[in-house]
Amino acid sequence: GLQYLDLYLVHWPLAFRHTGQDLQPDVPRDDRGIVESAKVSLQETWAAMEALVDEGLVRSVGVSNYSTVELSDLLAYCRIPPAVNQVEC
């Protein structure tokens, strides 16, 4: 079976409310159509990613769609810096 992931990315610098459902075709929205976000900080998310590296489940961690401001913030508190910032052009 799978022993570890080579690279695991945080896809967006935000968290959606967990519904237990697949996000396709859309993200969770309230009755007014407003996207429902979760109360999870980027720092908390990154700490969980670092823990996966510590446990040997992931070799490298990275981000996707982070701005330079968000990257600077991450670099201020991270213990393991992101290996990549994947962006769409």
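The following exchange concerns the nonpolar core and the salt bridges of a predicted model.

Colleague: Which element supplies the largest share of the largest nonpolar core?

Modeller: The largest nonpolar core has nine residues, among them Val10, Trp46, Met49, Tyr66, Leu74 and Cys78. Helix 1 (42-54) and strand 2 (58-64) each contribute at least two residues to this core. The largest share, three residues, comes from strand 2.

Colleague: Which residues does Val10 touch, leaving aside those up to four places away in sequence?

Modeller: Val10 belongs to the largest nonpolar core, as do Trp46, Met49, Val63 and Tyr66. Val10 is in contact with each of these four. With the others included, the residues touched by Val10 are Thr45, Trp46, Met49, Gly62, Val63, Ser64 and Tyr66.

Colleague: Is Arg32, which forms a salt bridge with Asp30, buried or exposed?

Modeller: The closest N and O atoms of Asp30 and Arg32 are 3.2 Å apart. Asp30 has a relative accessible area of 21% and is therefore partly exposed, since buried means under 20%. For Arg32 the relative accessible area is 68%, and the cut-off for exposed is over 50%, so Arg32 is exposed.

Colleague: How many residues apart are Arg79 and Asp54, the pair that links distant parts of the chain?

Modeller: The structure holds two salt bridges, and in one of them the side chains of Arg79 and Asp54 meet at 2.7 Å, N to O. Arg79 lies in the loop between helix 2 (68-77) and strand 3 (85-86), whereas Asp54 is in helix 1. Arg79 counts as exposed, at 51% relative accessibility. The separation of Arg79 and Asp54 along the chain is 25 residues.

Methods:
Residues numbered from 1 in each chain as written. Predicted model: local features only at pLDDT ≥ 70, side-chain atom pairs only at ≥ 80, totals over all residues. Heavy atoms only, no water. Core = buried A, V, L, I, M, F, W, Y, C linked by side-chain atoms within 4.5 Å. Buried < 20%, exposed > 50% of the residue type's maximum accessible area, 1.4 Å probe, protein only. Helix = DSSP H or I, 4+ residues; strand = E, 2+ residues; numbered from the N terminus. Contact = heavy atoms within 4.5 Å. Salt bridge = Lys/Arg side-chain N within 4 Å of Asp/Glu carboxyl O.
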